[in-house]
Amino acid sequence: MTATDPGAPRRPDGHPSPPRDGIVLGSCPLDCPDGCSWLVTVSDGRAVRLRGNPDHPFTRGGLCRKVNPWLTMAADPSRILEPMRRVAPKGPGLPVAEAFEPITWDEALGELATRFTDIIDRSGPAAIWPFAGTGNVGFIQGGAGPAGARLWNHLGVSGHQISICSVSGHVGMSYTTGSAAGMDPEDVAGAGTIVIWGSNTLVTNRHLWPFIEGARADGAPLIVIDPVRTRTADRADIHIQPRVGTDGALALGLARAMIDAGVVDTSFIAARTTGYGEFDAALRPWTPERTAEVCGVNPAVVSSLARTLAGRGPLAIKLGQGMQRHAGGGQTARIVSCLPALTGDYGRRGGGLVYSTADRYRFDLEAAGGGGVEGRPRHLAMTNLVANLTTLDDPPVEALLVHGANPVVSNPDTDGVRAALSRPDLFTAVIEVFPTETVDYADLVLPSTLQHEQYEINDSFSHLYVSLNRPAVDPPGQCLPHTEIFRRLATAMAIDEPSLQASDLELAAALLDTEEYRSAGITVEALEERGWARLPSSPAPWLPFADGFPTPSGRFEFASDRAEREGHGRVPTYRPPTESGRVTAGGPGGAERTVYDLVAAASDHHVNSVFAGTEVVRSRTGAPPLRINPGDAEREGLADGDAVDVANDRGRFRAVVRLDDGVGPRTVATDKGWWGMGVNATVREVDSDMGRGAVFHDNRVWLEPASGR
Ligand SMILES: Nc1nc2c(c(=O)[nH]1)N[C@H]1C(S)=C(S)[C@@H](COP(=O)(O)OP(=O)(O)OC[C@H]3O[C@@H](n4cnc5c(=O)[nH]c(N)nc54)[C@H](O)[C@@H]3O)O[C@H]1N2
Ligand SMILES: Nc1nc2c(c(=O)[nH]1)N[C@H]1C(S)=C(S)[C@@H](COP(=O)(O)OP(=O)(O)OC[C@H]3O[C@@H](n4cnc5c(=O)[nH]c(N)nc54)[C@H](O)[C@@H]3O)O[C@H]1N2
Ligand code: SF4
Ligand SMILES: [Mo]
């Protein structure tokens with residue numbers, strides 16, 4: 001690999017300029033479990049090729065169709081290349097060139113500094129809300145890590161909780177196993193039976209697939225539980241299609257059926273778990289018949305699936321993020337996590353649960369972020385954007401600094417988000433790469449670098465390696481990395497605090513400055529050389545619960561005192577979807593209309609809304625689809641290719657009908673992340689049961705032929 005020349009010219013962010021020719025090691029920063037390691041080929045100072053790292057044990061060479069055209073998308077003609085100030089009213093409709101005027105960095109940061117200083121003097125720092133999303137989940141530039149954290153801690157602004165993705169499942173599992181990291185995903189290759197539960201793994205976690213196929217080659221059956229026959233479900237040996245949001249009931253029914261069939265591991269249960277008797281008692285009402293009725297499946301399916309799960313060990317369950325985006329999402333994850341405890345597979349290699357390995361990384365976030373967030377005046381959840389902007393006082397939010405987030409597309413309640421961002425007394429600065437629908441509401445736009453132009457440390461939530469990404473090329477136009485924007489903002493605010501000027505390398509070194517990383521020799525220098533390293537917290541073979549569970553009792557907790565104290569019951573319980581029972585809704589003119597469960601999950605073409613407005617993606621995607629089963633379409637008088645308005649009493653969006661017999665009855669499916677679609681206009685801004693997660697797939701809609709408007 002090409003080494004950095006210490007005498008090379010410096011970039012605006014203080015890094016030595018990258019070599020003009022060679023191969024530079026990096027990593028994908030997107031919010032995708034796979035956390036790929038990549039190689040950028042640089043020729044004459046230009047990035048000419050991006051490919052997966054063949055030496056990385058999880059990436060194994062290929063990237064994915066979303067990211068393969070990265071370099072072309074990064075050079076899209078719509079890329080924002082200079083700071084801009086609004087000159088037209090906020091809202092959609094105007095091209096960037098008419099809505100904004102270009103300004104210099106000094107002008108932009110001068111204006112931002114004046115605004116922040118005035119707000120702090122008038123209302124206190126809590127009136128400023130740094131709103132970070134998952135556009136880049138790295139630990140230096142990304143929302144997940146300390147981008148800006150030193151400045152925010154110094155100022156004491158409102159804290160920000162990234163609650164939009166997977167928090168409900170994390171909290172749910174914290175009551176049973178004590179950790180969302182249930183096994184090494186690579187060990188799925190040794191599983192005896194595999195369940196993919198509410199995840200479109202082939203599309204959303206494709207680098208796990210070879211490990212799944214490895215187990216299948218040795219005879220492991222693959223069961224997929226999803227209300228939609230996705231590409232992943234299509235490859236399964238058994239596909240179970242429960243009603244949307246009823247997985248908690250299904251898991252309780254399966255648990256009871258396993259116990260009744262006498263196929264549970266009684267010695268594991270006695271030696272390693274607590275609260276089994278209470279759990280068993282709570283399961284009694286969940287007969288196969290009742291379970292089947294709630295979930296809309298055949299009772300025989302429940303009994304036979306229970307036997308299959310306990311049949312050929314060890315049992316590995318890949319739990320999707322999608323299935324916890326429901327009112328009862330936390331409880332569902334909690335219940336499903338009980339199944340490998342019943343089969344005694346948490347102690348066995350190849351068994352357990354795959355959800356997220358993120359908490360194995362154990363970076364020193366406090367050192368890198370200049371302290372913890374405890375000192376912040378309040379903590380605002382990303383998923384409560386509308387409520388936080390419209391109901392908070394003492395003080396109200398007066399300024400938003402958005403980065404790596406696109407709330408007009410990604411947050412629930414699109415109409416509410418638009419109205420809240422239009423508040424005349426709200427100042428909004430957006431650090432972006434592209435002119436998103438959120439940029440339509442920005443007062444100031446600051447141009448950001450992309451991963452191959454910046455320095456970054458990355459984790460993954462599906463493997464156990466840390467990655468370091470070196471800048472391969474200089475930034476285009478006037479784009480700057482987040483870190484440099486925050487350093488310059490501190491200077492513009494006349495804050496004389498040396499730690500706010502720390503370089504990216506110093507921030508990286510601070511993250512890795514723990515006993516665990518030091519003693520394993522994992523330093524910035526070592527990572528710059530190789531690009532990635534196995535986590536010292538989890539050396540292979542990694543059996544997370546071999547020495548006990550990180551719960552208060554040290555055992556797997558079927559019953560939990562802490563869950564009871566925190567209002568979630570001692571034993572897991574089923575919480576039905578928010579809108580269950582609503583089979584018709586009042587349409588226009590008071591007419592009763594059939595309602596459908598709407599699932600808007602990952603698209604094959606983009607990760608959330610990142611790059612979704614580029615020419616490459618637009619040329620591949622056409623119009624947003626609404627997939628519906630032919631029987632339901634016929635009843636609605638809809639044919640393939642018809643435009644349809646999808647609506648409920650919260651909002652509406654337009655899509656094109658795609659007949660798909662893999663979509664269950666009274667269910668419709670589309671994708672998240674489309675630009676200009678507005679699917680989340682129909683989603684409620686309401687907290688799930690645990691961790692303030694969103695309820696994207698807990699949503700009922702009716703259909704109207706688009707010609708009706
Ligand atoms: N290609 C691509 N990959 C991605 C992403 C992307 O946008 N595009 N996004 C990334 C991100 S941010 C995340 S968090 C992950 C998420 O990836 P996944 O964990 O796969 O989650 P989703 O895509 O939300 O939904 C997965 C599946 O859950 C199903 N589902 C919905 N409701 C229910 C239910 O009630 N029960 C059951 N059993 N299934 C249900 C949907 O039909 C869908 O097939 O993927 C990441 N990877
Ligand atoms: N209906 C429905 N809605 C969903 C979901 C669902 O399943 N269904 N899933 C939810 C999930 S799992 C998630 S994680 C959220 C994601 O929601 P958000 O956190 O809002 O993430 P994105 O929509 O991907 O927007 C990220 C923005 O970051 C920008 N960006 C990318 N890289 C960089 C960078 O390096 N620097 C800067 N400054 N900007 C960058 C992109 O251009 C993009 O506009 O969406 C949620 N929304
Ligand atoms: S989006 Fe996921 S699969 Fe694609 S390159 Fe990035 S980490 Fe790998
Ligand atoms: Mo996510």
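**Cavities**

I looked up the largest cavity first and found about 150 Å³ of space in it. I keep in mind that this is a predicted model. I then asked how many cavities of 30 Å³ or more the structure holds. The count is 5.

Next I went through the walls of the largest cavity. I find 16 residues in its lining. Nearest the centre lie Gly148, Arg150, Phe486, Leu500 and Leu507. Which elements give two or more residues to this lining? They are α4, residues 149-155, and α20, residues 482-492. The largest share comes from α20, with 4 residues. I also noted the classes: 10 nonpolar, 4 polar and 2 charged residues line the largest cavity.

I moved on to the second largest cavity. Its volume is about 90 Å³. I listed its lining residues by name. Among them are the cysteines Cys28, Cys32, Cys36 and Cys64. Leu30, Asp34, Gly35, Leu63, Lys66 and Val67 also line the second largest cavity. Arg206 and His207 belong to the lining as well. By class I have 7 nonpolar, 2 polar and 3 charged residues there.

**The sheet of 5 strands**

I traced the strand order of the open sheet of 5 strands. I read β10-β9-β8-β12-β13, with parallel pairing. Which strands stand at the edges? They are β10, residues 238-240, and β13, residues 352-354. Each has a single partner strand, so one side of each is left without a neighbour in the sheet. I looked up the turn between neighbouring strands of this sheet too. The average is 20 degrees, direction ignored.

I picked one pair from this sheet for a closer look. Strand β8 covers residues 193-197 and β9 covers residues 222-225. I count 4 bridges between these strands, which run parallel. Opposite Trp197 I find Ile225 in β9.

**Aromatic rings**

I turned to the rings. The count comes to 20 aromatic pairs. For each pair I wanted two values. A pair of aromatic rings is described by the distance of the centres and the angle of the planes.

I started with Phe549 and Phe556. Their centres are 5.8 Å apart, with 75 degrees between the planes. An angle over 60 degrees counts as edge-to-face, and this pair is given that label. I then followed Phe556 to Phe558. Here I have 4.9 Å centre to centre and 65 degrees between the planes. This pair is edge-to-face as well.

Are these three rings buried or exposed? The cut-off for buried is under 20% relative accessible area. Phe549 has 4% relative accessibility, so I enter Phe549 as buried. Phe556 has a relative accessible area of 0% and is buried. Phe558 is buried too, at 0%.

I also asked which residues the ring pairs link into a cluster with these three. The cluster holds Tyr276, Phe279, Tyr346, Phe545, Phe549, Phe556 and Phe558.

**The sheet of 3 strands**

My last stop was an open sheet of 3 strands. The order is β18-β19-β20, and the pairing is antiparallel. At the edges I find β18, residues 456-458, and β20, residues 532-534. Each of these has a single partner strand, so one side of each is left without a neighbour in the sheet. Neighbouring strands are turned by 15 degrees against each other on average, direction ignored.

I checked the contacts of β19 on both sides. Towards β18 I count 3 bridges, with the strands running antiparallel. Ile457 stands opposite Leu468 in β19. How many residues lie between β18 and β19? I find 6, and the two strands form a hairpin. Strand β19, residues 465-469, also pairs with β20 over 3 bridges in the antiparallel sense. The bridge partner of Ser467 in β20 is Trp532.

Finally I looked up how well β19 is covered. I find 5 of its 5 residues buried. Which residues make up each face? Tyr465, Ser467 and Asn469 are on one side, and Val466 and Leu468 are on the other. I note both faces of β19 as covered.

Definitions and conventions. Residues numbered from 1 in each chain as written. Chains lettered and ligands numbered in written order. Predicted model: local features only at pLDDT ≥ 70, side-chain atom pairs only at ≥ 80, totals over all residues. Heavy atoms only, no water. 1 Å grid on protein atoms, 1.4 Å probe; cavity = no way out; pocket = protein on both sides within 12 Å on 5 of 7 lines; lining within 4 Å. Points joined across faces, edges and corners; volume = space filled by probe spheres on them. Nonpolar A, V, L, I, M, F, W, Y, C, P; charged D, E, K, R; others polar. Pairing = 2+ DSSP bridges. Axes fitted to C-alpha atoms, helices over the stretch in contact; angles between N-to-C directions. Phe/Tyr/Trp six-rings, centres within 6.5 Å; stacked < 30°, edge-to-face > 60°. Buried < 20%, exposed > 50% of the residue type's maximum accessible area, 1.4 Å probe, protein only.
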